[in-house]
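Work through these exercises with the structure open beside you. Try each task before you read its solution.

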Amino acid sequence: MNIQQTGSSPVSDAAGADGRSSRWQSHREERRRELIKAARRAVHALGSDASMEDIATAAGTSKSVFYRYFGDKAGLQQAVGEVVLSQMQHRIREAAQSADTPREGLLAMVTAYLQMASTSPNVYTFVTRHAADTDAAQETDAGSAALGHFFEAIAEMIATPMRSHLGDGKEAVIGYWPKAAIGMVRNAGEQWLSTPASPAKPGQEVMARQITDWLCVGIAPELSPSTRT
């Protein structure tokens, strides 16, 4: 005698629910990635001050969709920043690994940084500054943390070849100089990015070499009196 079961067991119900939950989560993650890409394109075209409404319109969706996925503009900045900074970090690491000496490594890293940032100054500015139109301190802190981790990673990339090159007894230099170098590169680079194009503005390669020279030998050569003939 055959008995056909028409009901479902608790185990199969749970498996089905888990499957639906997994598919929904996968859908949400894919949609989030699409919105981040759309936001990057919008900010690149519209500028770093683009509002959530402007970004949503350019993305062909509603502002409420972006709020649903990212909470507020600071949350969107953080999400875009995590992607952009990860790509920059990867590119800078590749550049550093191709160098034979610490100075060549610095030049390669500064060059990669300027190249990536200048690809879209609007997007770079969007992800490296705090949102001015939000009171969500927790989101702002999270964005700052992502940026801090990025520069910490770059500082460690600078410090690693220095340890091998300088040897023992130079921890004061290795401990402080890379972070000071990051400050110079970032401030000089951001000023260069924001400077309007003109005959007086250095090109990207010239600026990278100039920053590297400042890091390695300072401005002493500029301060030396000219030799009179």
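Helix axes are lines fitted to C-alpha atoms over the stretch in contact, and angles run from 0 to 180 degrees between N-to-C directions. Keep in mind that this is a predicted model.

**Exercise 1. Two helices at an angle**

Task: Describe how helix 2 and helix 3 pack, and sort the residues of their contact by class.

Solution:
- Step 1. Find the two elements. Helix 2 covers residues 52-59 and helix 3 covers residues 63-70.
- Step 2. Read the geometry. The angle is about 105°, and the axes lie 8 Å apart.
- Step 3. Name the arrangement. Angles of 65 to 115 degrees count as roughly perpendicular, so helix 2 is roughly perpendicular to helix 3.
- Step 4. List the partners. Helix 2 brings Met52, Glu53, Ile55, Ala56 and Ala59. Helix 3 brings Lys63, Phe66 and Tyr67.
- Step 5. Sort them. The contact has 6 nonpolar residues, no polar ones and 2 charged ones.

**Exercise 2. A second pair**

Task: Are helix 4 and helix 5 roughly parallel or roughly antiparallel? Give the hand of their crossing too.

Solution:
- Step 1. Helix 4 spans residues 73-97, and helix 5 spans residues 102-119.
- Step 2. Their axes are 8 Å apart, at an angle of about 150°.
- Step 3. Angles over 145 degrees count as roughly antiparallel. Helix 4 and helix 5 are therefore roughly antiparallel.
- Step 4. Their crossing is right-handed.
- Step 5. On the helix 4 side, the contact uses Gln87, Met88, Arg91, Ile92, Ala95 and Ala96. On the helix 5 side, the residues include Ala108, Met109, Ala112 and Tyr113.
- Step 6. By class, this contact has 10 nonpolar, 2 polar and 1 charged residues.

**Exercise 3. The core**

Task: Which residues of the largest nonpolar core touch the most other members?

Solution:
- Step 1. Start with the general idea. In soluble globular proteins, nonpolar side chains tend to be buried together.
- Step 2. Here the largest nonpolar core holds 53 residues. Ile55, Phe66, Phe70, Leu76, Val80, Ile92 and Phe150 touch the most other members.
- Step 3. Helix 7 (residues 137-166) gives this core its largest share, 9 residues.
- Step 4. Look at Phe70. Leaving out residues up to four places away in sequence, Phe70 touches Arg32, Leu35, Ile36, Gly75, Leu76 and Ala79.

**Exercise 4. The whole chain**

Task: How many helices and strands does the protein chain have, and what share of its residues counts as buried?

Solution:
- Step 1. Count the elements: 10 helices and 0 strands.
- Step 2. Of the 229 residues, 32% count as buried.

Note on methods: Residues are numbered from 1 along each chain as its sequence is written. This is a predicted model: local features need pLDDT of at least 70, side-chain atom pairs count only at pLDDT 80 or more; totals for chains, interfaces and linings use all residues. Side-chain values use heavy atoms; hydrogens and water are left out. A nonpolar core is a set of buried Ala, Val, Leu, Ile, Met, Phe, Trp, Tyr and Cys residues joined through side-chain atoms within 4.5 Å. Buried means under 20% relative accessible area, exposed over 50%, partly exposed in between (1.4 Å probe, protein chains only). Helices (H or I, at least four residues) and strands (E, at least two) are DSSP runs, numbered from the N terminus. Contact means heavy atoms within 4.5 Å. Angles under 35 degrees count as roughly parallel, over 145 as roughly antiparallel, 65 to 115 as roughly perpendicular and the rest as oblique. A crossing is left-handed if the near helix is turned anticlockwise from the far one by less than a right angle, and right-handed if clockwise. Ala, Val, Leu, Ile, Met, Phe, Trp, Tyr, Cys and Pro count as nonpolar, Asp, Glu, Lys and Arg as charged, and the others, Gly among them, as polar.
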